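Thanks for coming. I will show one structure and then walk through parts of its fold.

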Amino acid sequence: MLYTSPLLKDNEHFYKAYHLTFDEKSIVEFAQNGSSIKQSNGTGGQKGGLFFWVDQEGVRFWLKRFLACEKQVMESGIGSAKKVPEKVYVLEFKIPKKDFYYPDWQVDFALCGRYLIPLISRYYYKLYKKQLLDEKEVSLYLNCPLVHDKKYSKKIKGMRIENKKLVLNFDQSIFSFSSLKNYSSYYSGVIQRLHGFLYLKSKGYAIAYTNFMKKMFCKNTLGAVKYCGPKNLKPLAVEVWDAKTGALLLRSENIKVFAEEIASQKEFKLTDHFQRVKN
């Protein structure tokens with residue numbers, strides 16, 4: 001990576017997170033309004049927010065997924081896929097560690113829910129053993145959908161512990177909670193509701209969850225998080241990548257000037273604000 005300011009180097013008081021966008025208009029909007037304009041809906045019924053990858057490998061992983069879907073649709077002629085442009089934009093944010101707490105910061109339950117399922121199961125069992133689970137309270141909380149999309153507003157009709165494992169009862173189906181790890185995208189709203197209830201009821205789980213989120217930034221987990229807080233986050237740098245290879249083409253640490261060039265439809269050029277990368 002190319003940095004021109006010591007403030008942008010790795011700092012023990014900050015995390016860096018990355019937001020991928022295909023849209024040049026988004027760069028202009030981020031420069032003008034920050035994160036306030038990008039609170040998108042969550043996948044699978046989870047709460048929405050501004051979604052980030054915890055490292056650039058996650059961005060490359062997601063790009064490959066987009067390209068693979070696009071290729072599959074082109075070859076089969078079935079379905080649809082988002083068109084991947086030749087160049088994509090990666091926005092870099094600096095997040096103070098002191099601000100990195102729930103509920104402002106949450107994991108992406110669609111992509112990371114499967115990692116949380118064992119943790120959630122363990123702490124639900126602990127509450128069950130201590131007779132701290134009120135079935136009416138649980139049902140009331142878990143049956144409140146997070147989104148208005150009925151397709152993903154799956155409600156939990158009941159829950160119980162069998163052989164130390166959490167079992168969920170949907171409309172006509174009964175699932176072991178651990179079995180949902182293979183369908184975390186589809187059931188991310190369910191996972192988030194279970195998480196939300198536990199976070200309120202179990203101090204031990206709240207601590208374990210916070211540690212889990214922080215560890216994602218220390219290990220190459222392909223982890224993703226979402227920002228749901230009220231503050232307006234602004235990127236500190238933007239990079240232009242070749243979509244097919246993931247190669248870094250251009251980096252700017254002056255978002256305002258970069259956005260102005262996009263808005264005026266000028267071609268990218270080498271100036272004091274940009275560093276072009278040699279292959």
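I start with a pair of strands. Strand 9 (residues 237–242) pairs with strand 10 (residues 248–252) in the antiparallel sense, over 4 bridges. Two strands count as paired if DSSP finds at least two bridges between them. Helices and strands here are DSSP runs, numbered from the N terminus: a helix is H or I with at least four residues, a strand is E with at least two.

Before going on, some conditions. This is a predicted model, in which local features need pLDDT of at least 70 and side-chain atom pairs count only at pLDDT 80 or more, while totals for chains, interfaces and linings use all residues. Residues are numbered from 1 along each chain as its sequence is written, and side-chain values use heavy atoms, with hydrogens and water left out.

Back to strands 9 and 10. E239 has R251 in strand 10 as its bridge partner. The hairpin of strand 9 and strand 10 has 5 residues between the strands, and in this hairpin G246 takes a positive phi near 75 degrees. Strand 10 is mostly covered, with 4 of its 5 residues buried. Buried means under 20% relative accessible area, exposed means over 50%, and partly exposed is in between, using a 1.4 Å probe and protein chains only.

Strand 9 also has a partner in strand 3, antiparallel again, with 6 bridges. One bridge pair there is L91 with V238 in strand 9. L91 also leads to strand 1, since it is the residue in strand 3 that stands opposite H19. Strand 1 (residues 14–21) and strand 3 (residues 87–96) run antiparallel and are joined by 8 bridges. L20 is bridged to V90 in strand 3.

How many residues of strand 1 are buried? The count is 7 of 8, so strand 1 is largely enclosed by the rest of the structure. Strand 3 has 7 of its 10 residues buried, so strand 3 is likewise largely enclosed by the rest of the structure.

Just outside strand 1, is E12 buried or exposed? E12 is found in the segment before strand 1, and it is exposed, with a relative accessible area of 62%. The C-alpha atoms of E12 and K97 are separated by 8.4 Å, although the two residues are 85 apart along the chain.

There is also an open sheet of 3 strands, in the order 5-6-7, with antiparallel pairing. Its edge strands are strand 5 (158–162) and strand 7 (174–176), each of which pairs on one side only. Neighbouring strands of this sheet are turned by 25 degrees against each other on average, direction ignored. Strand 5 is joined to strand 6 (residues 165–169) by 5 bridges, and I161 has L166 in strand 6 as its bridge partner.

Now the helices. The axes of helix 5 (residues 188–201) and helix 6 (residues 203–216) come within 6 Å and cross at roughly 120 degrees. Axes are lines fitted to C-alpha atoms, for helices over the stretch in contact, and angles run from 0 to 180 degrees between N-to-C directions. The two helices are therefore oblique to each other. Angles under 35 degrees count as roughly parallel, over 145 as roughly antiparallel, 65 to 115 as roughly perpendicular, and the rest as oblique.

Which residues meet between helix 5 and helix 6? From helix 5 they are H195, L198, Y199 and K201, and from helix 6 they are K203, Y205, A206, Y209 and T210. Contact means heavy atoms within 4.5 Å.

Helix 6 has a second neighbour to discuss. The axes of helix 3 (residues 109–129) and helix 6 come within 11 Å and cross at roughly 145 degrees. Residues of helix 3 in this contact include F109, C112 and Y115, and those of helix 6 include G204, Y205 and Y209.

One residue of helix 5 remains, S188. S188 is buried, with a relative accessible area of 0%. Leaving aside neighbours within four places in sequence, S188 is in contact with T43, G44, G45, Q46, F109 and A110.

Last, the totals. The protein chain has 7 helices and 11 strands, and buried residues make up 45% of its 279 residues. Among contacts between residues at least 6 apart in sequence, 70% join residues at least 24 apart.
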